[in-house]
Amino acid sequence: MNLWTEGDPVADTAAPDGPIETRWERRQFGAKLVNPANRRKLTIIVVGTGLAGGSAAATLAEAGYRVRSYCYQDSPRRAHSIAAQGGINAAKNYRNDGDSVYRLFYDTVKGGDFRARESNVYRLAQVSVNIIDQCVAQGVPFAREYGGLLDNRSFGGTQVSRTFYARGQTGQQLLLGAYQALERQIAAGNVEMHARHEMLELIVVDGRARGIVVRDLVTGEITTDFADAVVLASGGYGNVFFLSTNAKGCNVTASWRAHRQGALFANPCYTQIHPTCIPESGTHQSKLTLMSESLRNDGRVWVPVEAGDHRAPADIPEAERDYYLERIYPSFGNLVPRDIASRAAKNVCDEGRGVGPGGLGVYLDFADAIARLGRSAVEAKYGNLFEMYERITGEDPYVTPMRIYPAVHYTMGGLWVDYDLQSNLPGLFVVGEANFSDHGANRLGASALMQGLADGYFVLPNTINDYLAAGPFPAVSSSDEAVVAARAAVENRITSLLSVNGDRTVDSFHRELGHIMWEYCGMERTEEGLRKAISLVRSLREEFWTRVKVPGTGEQLNQNLERAGRVADFFELAELMCVDALHRAESCGGHFRAESQTPDGEALRHDDQFSYVAAWEFTGTGEPPVLHRETLEFQYVHPSQRSYK
Ligand SMILES: Cc1cc2nc3c(=O)[nH]c(=O)nc-3n(C[C@H](O)[C@H](O)[C@H](O)COP(=O)(O)OP(=O)(O)OC[C@H]3O[C@@H](n4cnc5c(N)ncnc54)[C@H](O)[C@@H]3O)c2cc1C
């Protein structure tokens, strides 16, 4: 049986052509406007209150639209964005070290291994400078230098310092900024907030996204909500791997439900594996912890020169240590991009030179930085991260090098959107990690926060007007066929999950699914492994629907039921990820196909065959999806073999 079929190409018709420097300005000028009095007549649903959704809801309400905002946490400020640690990029060039909008654009296109759109990335770099001004005006306490100016540090894949940060809590501070802007609009009556509500279906009427079906997670009540446009800001799907650095609740349901209703899913196989996470410590674990990439500014990565050297790190003399990133990539050293650092760590561990339990770890050593800068300077920059590490491992990183290993961290794939951030379903907009738009096959550090806030504060509030100018659209009736069907689909699914009454927990299925994905669709993929994964995922999915045990009822707070629904969607997504990874018979960024590598083990792209976005259409559970290609053109940054040596 064919695993996929070929469809017509898809094009981003919203993107202007002409000189890249003025594309965004021209799009904004060309887009229709909605006058302030008319905005009050238009309603927008925003699903998600992380950096992307929180900033979008606040800004759209500030502009005068009526907004209804949803999240499944008990408060909008508990969105996963709160966990972001290291920083946010912006091309301010405060350091006067050669940075510019063009350089941020260049680094990001190259960092994404030439699999992102030039127009989007250029706009991201342009808007990055506004984000910092916006957040400073909100009172976000970015770190400052002695003289009072905003401080910067470096992240992987760049040779300039352009990352703004608030110790290791940048996401928290940025989210508090967006959250207070959102709360202001809630208090003003412009945003209606629905916390502890989960979107379980998208409602599409006459070809337009017009609403959602939600479940009240406390009472179990199912309701519908209608609007003139729907914005998904529902985050990434890294938890398909079970173990990841994402918050436990992160899931794909909102995006997947939209995909099932016709929204294309782009590049699902592009997963970011982050090189600096605390290694897994045992089978009891339900999540992994990130150690921010900012630590690679001062920490040096090494393993013993000899395989099987089990001495304590302090007993291994300098000459018997291999600072392999500095050795292999002298220009970027410890600050190579994440995909490169992750693979290098895997390679040294595969050679038997890994450290710690099971040999799945490498050292991140601060001894030099402490000797050079003093312990208090290191503490001031990274104190909370060191404390977190010590609390989890019981080892003091000021004295003993940290042990780190790559882990799933971010998903570059997501719902397909055009330059306006609109999906192929009119009226459905997708922002932040939930879309696929700006990072290509690999995301450079500190770029997700930049993208989420660019989308929410600046891009969407300009582009959505163009769509809404044709509104308000005809009122949707609860008895509309599409509404009745969407609601029934949600109710039937809940009934099905509760009625299986089998003998295996949801988590046991999720853990097994994650294991398959990590093994065959993780850091390294092969054709044989991916084919095997597809058949394993399929049979596990069938077993899930006959053996899962979901205790409790649907009319109460029931976290097993919530998780079961999310895992059911992860099963379908997992299969698509493997199909996408299988069809892309090249290596690029986070997608490393073992059959396609250079003689020195680097990712080998095949631009002649794969320089496109793979946008997949859903045709039914277990049915072959349809591949629509969007060709990528590079007029400014010409694809070349990435070299960080
Ligand atoms: C540990 C960690 C550290 C990181 N550090 C950095 C960093 O330093 N710099 C950087 O640039 N990036 C960093 N990232 C990545 C970055 O944090 C995320 O990509 C980004 O915060 C995602 O923001 P978002 O608004 O798109 O989604 P999220 O913050 O994940 O928000 C998703 C929202 O959608 C809601 N939602 C989801 N599904 C539903 C549903 N079905 N119904 C109702 N609501 C729903 C949730 O309730 C939530 O409000 C880090 C990631 C991790 C895991």
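I count two strands as paired if DSSP finds at least two bridges between them, and with that in hand I turned to this predicted model.

**Sheet.** I looked up strand 11, residues 265–266, and found that 2 bridges join strand 11 to strand 17, the two running antiparallel. Within this pairing I noted that phenylalanine 265 stands opposite leucine 415 of strand 17. I then followed the sheet outward and found 5 strands in an open arrangement with the order 1-20-19-11-17 and mixed pairing. The edges are strand 1 (5–6) and strand 17 (414–415), each of which pairs on one side only.

**Whole chain.** I next counted the secondary structure and obtained 17 helices and 20 strands for the chain. I checked the overall dimensions as well: the C-alpha trace spans about 75 × 60 × 50 Å along its principal axes. For 645 residues, a compact globule would have a radius of gyration near 26 Å, and the 24 Å of the chain agrees with this.

**Burial and contacts.** I found that buried residues account for 62% of the 645 residues in the chain. Taking contacts between residues at least 6 apart in sequence, I noted that 74% join residues at least 24 apart.

**Surface and charge.** I recorded an accessible surface of about 23,500 Å² for the chain, with 49% of that area belonging to carbon and sulfur atoms. Finally I looked at the charged side chains, of which 65 are positive and 79 negative, and I noted that the centres of the two sets lie 3 Å apart.

Technical notes:
Residues numbered from 1 in each chain as written. Predicted model: local features only at pLDDT ≥ 70, side-chain atom pairs only at ≥ 80, totals over all residues. Heavy atoms only, no water. Helix = DSSP H or I, 4+ residues; strand = E, 2+ residues; numbered from the N terminus. Rg over C-alpha atoms; globule rule 2.2 N^0.38 Å. Buried < 20%, exposed > 50% of the residue type's maximum accessible area, 1.4 Å probe, protein only. Contact = heavy atoms within 4.5 Å. Areas by Shrake-Rupley, 256 points an atom, 1.4 Å probe, with all protein chains shown as cover. Lys, Arg positive; Asp, Glu negative; His and termini not counted. Charge placed at Lys NZ, Arg CZ, Asp CG, Glu CD.
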